[in-house]
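These are my notebook entries on one protein model, written as I went through the coordinates. I kept to what I could look up.

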Amino acid sequence: MKRYLIASAASLLFSPLLLAQETNVQPAAEARLEQPALLPDAPSAVRDSLEDQAQDKNANSPVRANVGNYGRPVAKKYASVIYPGQQALPLSATDKMVYAVPDAFGLINVASIMTSAGWSHLVDSAPHYGHNSEAFGKRVGAAALRNVTQSLSTDAVFAPIFHDDPRYYQMGRDQNFFKRGLYAASRVVVTRSDSGHERLNAPLLLGYGTAAGISNFIYPDQDTGAKATLSNYGMSLCGAAIGMLTNEFLDDALRIVHLRK
């Protein structure tokens with residue numbers, strides 16, 4: 001009889017606590033179900049996967065940072081191109097600033113600067129500095145300032161502000177040539193957010209606009225003003241599209257000439 005009374009009292013005492021736990025678990029489960037599904041290569045998907053592994057108390061081995069959820073390999077943190085089949089590590093605001101440095105001062109950007117300055121010098125296009133060696137030096141300087149400003153403002157300033165991913169996600173050879181070309185060119189105005197969803201590429205559009213505005217302070221008078229600035233801005237966006245196409249098809253070109261397997 002005493003045992004029965006003690007058991008009854010204990011059930012009455014702890015039943016409110018059990019009920020509270022049940023009511024807390026149900027909303028949490030519902031909230032988890034209501035969360036939008038992440039894309040397989042979304043940085044947030046990789047982050048969540050690694051966090052789940054780290055919190056697993058039954059794991060007997062350290063977290064493997066080279067494999068994310070879906071069993072897919074994780075790309076290097078500062079990779080400029082995310083290839084098909086890879087998942088991307090998330091970039092913090094500081095990471096994006098670090099990423100911007102090689103993007104602005106790397107060999108590809110240097111080649112772009114020299115090509116732009118060389119073509120401008122050859123056809124004497126804007127900025128109109130003339131044809132001598134001094135003019136070529138001025139063109140190289142102007143192209144360098146423009147390209148570096150574009151890269152740094154896009155990747156290190158506006159990408160963190162808008163919480164966007166500055167890296168290029170390659171569509172890959174599984175898709176047809178024209179679809180890949182259209183996709184690559186569209187990345188000028190379309191980007192991925194940090195969670196992996198597509199939206200307007202505000203960082204690039206604003207970054208390139210900033211560079212076009214700064215050009216007014218170093219270009220000759222005939223190449224400044226609203227009309228000239230808009231023209232420079234449009235040409236810069238065309239250059240960005242060419243860069244995206246290069247990111248998409250460079251590997252294919254290297255395979256054709258047997259420089260990459």
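The entries below go from confidence to the sheet, then to a helix pair and a loop.

**Confidence.** I began with reliability, since this is a predicted model. I noted that the protein averages a pLDDT of 81, and that 75% of the residues score at least 70. Looking through the elements, I found the lowest mean pLDDT, 44, in helix H1 (residues 2–34), and the highest, 97, in H7. I then checked the stretch of residues 1–37, where the pLDDT is below 50, and found that beyond near neighbours in sequence this stretch has one contact in the model. I also marked residues 56–65, over which pLDDT stays under 50; for that stretch the model has eight contacts beyond four places in sequence.

**Sheet.** I next traced the strands and recorded an open sheet of three, in the order E2-E4-E5, with antiparallel pairing. I entered strand E2 (164–165) and strand E5 (198–200) as the edge strands, each of which pairs on one side only. Following E4 (residues 190–193) against E5, I found the two paired in the antiparallel sense over three bridges. Which residue of E5 is the bridge partner of Val-190? I looked it up, and the partner is Leu-200.

**Helix pair H7 and H8.** For two packed helices I wanted the angle between their axes and the distance between the axes, as these describe such a pair. I noted that the axes of helix H7 (residues 202–215) and helix H8 (residues 226–256) come within 9 Å and cross at roughly 135 degrees. I therefore entered H7 as oblique to H8, and I recorded their crossing as right-handed. On the H7 side of the contact I listed Leu-204, Leu-205, Tyr-208, Gly-209, Ala-212 and Gly-213, which meet Thr-229, Tyr-233, Ser-236, Leu-237, Ala-240 and Met-244 in H8. Sorting the residues of this contact by character, I had eight nonpolar, four polar and no charged.

**Loop between H4 and H5.** I finished with backbone geometry in the loop that joins helix H4 (107–123) and helix H5 (133–162), where Pro-127 lies. Is the peptide bond from Ala-126 to Pro-127 cis or trans? I found the bond to be cis, with omega near 0 degrees. Asp-124, which lies in the loop between H4 and H5 as well, also went into my notes, because I wanted its backbone torsion on record: phi of Asp-124 is near 55 degrees, a positive value in a residue other than glycine.

Terms used. Residues numbered from 1 in each chain as written. Predicted model: local features only at pLDDT ≥ 70, side-chain atom pairs only at ≥ 80, totals over all residues. Heavy atoms only, no water. Pairing = 2+ DSSP bridges. Helix = DSSP H or I, 4+ residues; strand = E, 2+ residues; numbered from the N terminus. Axes fitted to C-alpha atoms, helices over the stretch in contact; angles between N-to-C directions. Parallel < 35°, antiparallel > 145°, perpendicular 65-115°, else oblique. Left-handed = near helix turned anticlockwise from the far one by under 90°. Contact = heavy atoms within 4.5 Å. Nonpolar A, V, L, I, M, F, W, Y, C, P; charged D, E, K, R; others polar. pLDDT = per-residue confidence, 0-100.
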